[in-house]
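Below are my notes on the model you sent round. They are set out as numbered points, to be read beside the coordinates.

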Amino acid sequence: MTSRKQIPGTDLSVFPINLGTNTFGWTADEAQSHAVLDAFVAGGGNFLDTAESYPAWVPGNTGRESETIIGTWLDSRDNRDDVVIATKVGDHPEHKTQDPEYIRTAIDASLERLQTDHVDLYYAHRDDEVTPIAEVARAFDEIVRSGKAKHTAVSNYSPARLAGWFAAAEDEGLVKPVAIQPQYSLVYRREFETDLRPIAERRDLAVFSYFSLAAGFLTGKYRTEADLEGADRGGMVQGYFNAEGLKVVDDLVAIADSHDVAPTTVALSWLLANGVTAPIASARTPEQLEAVMAAPGLELSTDEVDRLDRASTPFAVEEPS
């Protein structure tokens with residue numbers, strides 16, 4: 001059994017894979033989503049990532065389907081104490097700001113959909129760069145002190161705004177974020193490695209990467225233009241579909257073949273070897289989970305990590321001016 005990881009500064013212990021649930025209500029209906037959740041827990045998983053905005057990008061959706069589906073699962077399984085739940089506020093099409101008054105009401109709506117009295121992590125999903133950061137920090141502090149969230153965390157904030165949050169928290173004795181959620185993968189390295197990892201290391205923050213598999217590109221299933229046709233995430237993958245990206249996939253597949261595992265497993269294992277506490281990965285079916293759940297059990301050699309580092313260097317270095 002894969003050992004769990006402690007989120008620094010908390011009593012939360014998580015399986016080193018964070019199940020992304022943005023597929024719930026999109027490519028997986030309620031029954032399929034419940035099956036994925038059951039399989040994840042049966043495999044030792046306990047950490048769920050959702051948001052009030054998942055999946056708002058689907059025509060006809062409200063953006064609150066994922067939380068609702070998790071809520072019906074928690075209610076039917078009566079297992080709230082067995083799972084760690086993270087949700088987010090501030091990136092919904094109807095409300096993208098970090099307005100403190102909205103944050104205070106949004107947590108109540110999320111809890112109602114999730115059918116629970118608290119979440120374990122409550123994220124500021126996306127910064128508006130306008131709301132005074134001390135006001136945001138105070139709003140999240142209130143939510144934690146009220147018991148509606150155990151801890152707070154931050155996603156998609158600039159290093160400067162993140163520093164401002166910590167400064168406000170220290171000045172006013174507010175609770176501090178315990179985790180960040182950056183975009184990070186073999187084909188998206190620059191931002192995290194240059195700007196955010198130093199902050200995470202200095203502040204002892206947990207790191208939960210999103211787009212860990214680059215919208216499915218790093219599963220190895222997209223090798224030709226024809227593979228993209230009709231794919232749910234074809235548009236997202238297109239940005240990686242170039243000589244540099246395909247070189248990464250080639251090396252990923254070669255290493256995966258040498259271990260008799262899926263490329264997905266290797267891509268997630270590389271993240272675990274590079275400072276990520278628990279990469280976020282989603283699944284549409286229980287069968288897709290097998291490769292995801294195998295990642296913590298795969299230990300890449302130093303040479304294999306170096307090979308992937310070299311292959312993905314174009315995604316790590318600064319763009320030429």
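The points start with the sheet and then turn to the helices and single residues.

1. The model is predicted, not experimental. Local features are discussed here where pLDDT is at least 70, and side-chain atom pairs count only at pLDDT 80 or more.

2. Overall sheet. Eight strands make up an open sheet, in the order 9-8-7-6-5-4-3-10, and the pairing is parallel. Strand 9 and strand 10 are the edge strands, each paired on one side only.

3. The strand 10 edge. Strand 10 pairs with strand 3 (residues 18–20) in the parallel sense, over three bridges. In this pair leucine 19 stands opposite alanine 281 of strand 10.

4. Strands 5 and 6. Strand 5 (residues 84–89) runs parallel to strand 6, with four bridges between them. Threonine 87 faces tyrosine 122 of strand 6 across this pair. The connection from strand 5 to strand 6 goes through helix 3 (residues 100–114), and this β-α-β crossover is right-handed.

5. Strands 6 and 7. On pairing with strand 7 (residues 149–155), strand 6 is again parallel, here over five bridges. Alanine 124 is placed opposite valine 154 in strand 7. Helix 4 (residues 133–145) lies on the path from strand 6 to strand 7, in a β-α-β crossover that is right-handed.

6. Burial of strand 6. How many residues of strand 6 (residues 119–124) are buried? Six of the six are, so the strand is largely enclosed by the rest of the structure.

7. An acidic residue in helix 4. Aspartate 141 belongs to helix 4. Is aspartate 141 buried or exposed? Aspartate 141 has a relative accessible area of 7%, and because the cut-off for buried is under 20%, the residue counts as buried. Leaving aside residues up to four places away in sequence, aspartate 141 touches Gly173, Leu174 and Val175.

8. Helix 10. Nine of the ten residues of helix 10 (residues 263–272) are buried, so this helix is largely enclosed by the rest of the structure. The buried residues are Pro263, Thr264, Thr265, Val266, Ala267, Leu268, Ser269, Trp270 and Leu271. What do they pack against? Their partners are helix 6 (190–203), helix 9 (243–259), helix 11, helix 12 (302–311) and strand 10 (280–282). Strand 10 is also an edge strand of the sheet.

9. Lysine 221. This residue sits in the loop between strand 9 (206–207) and helix 7 (225–228). Lysine 221 is partly exposed, its relative accessible area being 48%. Its C-alpha atom is 9.9 Å from that of threonine 264, although the two residues are 43 residues apart along the chain. Threonine 264 is one of the buried residues of helix 10.

10. Helices 1 and 11. Helix 1 (residues 30–42) packs with helix 11 (residues 286–293) at an angle of about 35°, the axes being 9 Å apart. The crossing of helix 1 past helix 11 is right-handed. On the helix 1 side the contact is made by Ala35, Val36, Ala39 and Phe40, and on the helix 11 side by Pro286, Leu289 and Met293. By class the contact has seven nonpolar residues, with no polar and no charged residues. As background, an α-helix has 3.6 residues a turn, so residues three or four places apart point the same way. Helix 11 is also among the elements that the buried residues of helix 10 pack against.

Technical notes:
Residues are numbered from 1 along each chain as its sequence is written. Side-chain values use heavy atoms; hydrogens and water are left out. Axes are lines fitted to C-alpha atoms, for helices over the stretch in contact, and angles run from 0 to 180 degrees between N-to-C directions. Helices (H or I, at least four residues) and strands (E, at least two) are DSSP runs, numbered from the N terminus. A crossing is left-handed if the near helix is turned anticlockwise from the far one by less than a right angle, and right-handed if clockwise. Contact means heavy atoms within 4.5 Å. Ala, Val, Leu, Ile, Met, Phe, Trp, Tyr, Cys and Pro count as nonpolar, Asp, Glu, Lys and Arg as charged, and the others, Gly among them, as polar. Buried means under 20% relative accessible area, exposed over 50%, partly exposed in between (1.4 Å probe, protein chains only). Two strands pair if DSSP finds at least two bridges between them. A crossover is right-handed if, with the strands pointing away from the viewer, the path from the first strand over the helix to the second runs clockwise.
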